[in-house]
Structures are given as structure tokens and as C-alpha cells.
Amino acid sequence: MKKIASVFFALILCCSLGAPVFAAEADTGSVEAELVIPEGEARYFELPECEGIALEEIAAAEEDSDIQPQVIPSTANIFEIEEFRVHPVVKINGKTTYLEGHYWFRPASFAPTTVRAEMTAARQQELIDYAAGQGHEVIGWYLSGTIHMECYLPHWVNYKTFNHESNGQTTKALNIYKSTYRGTLSTYALFPNDMTKDYTYGFEGNGYMTVYYSAGNTVRDLYPTYVMNATFKQS
């Protein structure tokens, strides 16, 4: 029965993405890509602190919580990646920051929980040239991805981070107590020591959501998986 419910949920996901598509160049695989370079003087942003906490702490907090979410049974059972971005990271006055310009990736409708972006050497060079035009040298990348979850009761999104310091060893999570949720995962990633080989940075994990089915007036727990990362090509 769980297998049938999972297949049914996957079909719902495939049919729920009716949003308009921005003008963008086709990427390899199942994503769309677009270079976004703002006009005028570049803006800089501080690297945000990660909001995630240990998955075990969230699970324990939910079990002990007195929160009684006010939710309305909904058949809009959605779990999708809305966007994934790659910004250049630079140092300004000794402080690590990232620039506004970026590469933007969005999943195709037939694979709404998968973004495997390809940062070709040419794409990397576009962002490096953009930073150089502002008088800065790129030292790495800032990655951010937004997940949209909409269902009877969202619980949390857990994730493993892949960057210059971590290879997915630790699982963290973002807590949720809303019927509609948009959460952003982010990390900064410096260049690896070996720049002769391709490298991949990003996130992977799964959600935990309780969905409602009007047929039979039942609810079920689902754990959709997702991945959003970028492979930086060296040739």
C-alpha cells in the first residue's frame, strides 16, 4: 500500500507544476539554466548562517511539542525544488561575501525534485569575468536552493551538504509547522585543493510530510527525496 501511495504522490508531483518558465538556455539533463547579471554597480551580501539543526534534535522536539498546527486538509500535495543558484564568492576588506550575479537553475516538470546542474568552464568564466569587472577575484561559490512543500502537514526537510569542508557526512534539518512552506538551504564552498578535476557541491536529502487523500478521507506519511547540486567542470 505504501508503494502505491508513493507512486500516486509522484504522479501528483508531475502534474502540479504549471508555473510559467522564464526564458532560459537548455541545460544538459533535466534542468533549465539562466545567467543573471544585474545592471549597474554590483551588490554584495554577507554569507548567512545556516538555520539547520541536527535531525535528532528536530525529531525529539516534534515528539515532545505541544504545537497543534491549524491545518486545512488539502490535496495539493507538493514537494519540489523551486530554484538552485550559484553565486561567485569573493573577499572584500578581508571579509568573505558573495556577489549578486549568479547562475540560476530550475528543474524540469518531469523531475521536480532533481537539479543536477552543470557549471561548465564557460559558465564559471562568465561569473569570474563578472566579478573581475567589479575588481574582485573569485575564491569559491555560494550555493542556495529553495524547496517548496505544500500538504496537509509538513514536518521537516533534512539535508546533507557537499562543499570544500563536508562530503555529506552530517545530516541536518529545517523544522516546519506550516501547511505551506518554502525553505532555503545554503552554503559557501571554496575552490578545492585540486583544481584539475571536476568537483560537485550542493545538497541532498528528503522531506517528511503528512499528505491528505480525499478519497477515503485518509492521511499518510511520505518521505520524498531530492538532490540539488552543481558539478564544476574543468574542461
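What follows is a walk through the fold, the core, two loop residues and some salt bridges of one protein chain. The model is a predicted one, and that is worth keeping in mind throughout.

Taking the chain as a whole, the model has 3 helices and 15 strands. There are 235 residues in the chain, and 44% of them are buried. Contacts often reach far along the sequence: of those between residues at least 6 apart, 75% join residues at least 24 apart. On the outside, the chain exposes about 12500 Å², and carbon and sulfur atoms supply 50% of that area.

Moving inward, the largest nonpolar core counts 41 residues. Those with the most contacts inside this core are Phe 84, Val 86, Phe 105, Tyr 226, Met 228 and Phe 232. Val 86 gives a feel for the company such a residue keeps. Setting aside sequence neighbours within four places, Val 86 touches His 102, Tyr 103, Phe 105, Met 119, Leu 127, Trp 141, Tyr 142, Leu 143, Ala 230 and Phe 232. Two of the names on that list, Phe 105 and Phe 232, also appear among the core residues with the most contacts.

Thr 187 offers another view of the inside. This residue lies in strand S12, which covers residues 180–190. Thr 187 counts as buried because its relative accessibility is 11%, and the cut-off for buried is under 20%. The side chain of Thr 187 makes a polar contact with the side chain of Asn 163, at 2.9 Å. Beyond its neighbours within four places in sequence, Thr 187 is in contact with Trp 141, Tyr 142, Leu 143, Thr 161, Asn 163 and Phe 203. Trp 141, Tyr 142 and Leu 143 turn up around Val 86 as well, so Thr 187 and Val 86 have these three contacts in common.

Two asparagines in loops stand out for their backbone angles. Asn 93 is not a glycine, yet has a positive phi of about 55 degrees. Its place is the loop between strand S5 (78–92) and strand S6 (95–99), and with 80% relative accessibility Asn 93 counts as exposed. Asn 217 also has a positive phi, near 50 degrees, again in a residue other than glycine. Here the loop runs between strand S13 (199–213) and strand S14 (218–222). Asn 217 is exposed too, with a relative accessible area of 55%.

Turning to charged pairs, a search of the whole structure finds 6 salt bridges. In one of them, Lys 95 pairs with Glu 46, and the closest N and O atoms are 2.9 Å apart. This pair links distant parts of the chain, with Lys 95 in strand S6 and Glu 46 in strand S3 (residues 44–46), 49 residues apart. Lys 95 is partly exposed at 45% relative accessible area, whereas Glu 46 is exposed at 57%.

Another salt bridge brings together the side chains of Arg 182 and Glu 82, at 2.8 Å from N to O. This one also links distant parts of the chain: Arg 182 sits in strand S12 and Glu 82 in strand S5, 100 residues apart. Glu 82 counts as partly exposed, with 23% relative accessibility. Lys 197 and Asp 194 form a further salt bridge through their side chains, at 4.0 Å from N to O. Of these partners, Lys 197 is exposed at 54% relative accessibility, and Asp 194 is partly exposed with a relative accessible area of 35%.

Methods
Residues numbered from 1 in each chain as written. Predicted model: local features only at pLDDT ≥ 70, side-chain atom pairs only at ≥ 80, totals over all residues. Heavy atoms only, no water. Helix = DSSP H or I, 4+ residues; strand = E, 2+ residues; numbered from the N terminus. Buried < 20%, exposed > 50% of the residue type's maximum accessible area, 1.4 Å probe, protein only. Contact = heavy atoms within 4.5 Å. Areas by Shrake-Rupley, 256 points an atom, 1.4 Å probe, with all protein chains shown as cover. Polar contact = N/O pair within 3.5 Å; in protein donor to acceptor, adjacent residues only side chain to side chain. Core = buried A, V, L, I, M, F, W, Y, C linked by side-chain atoms within 4.5 Å.
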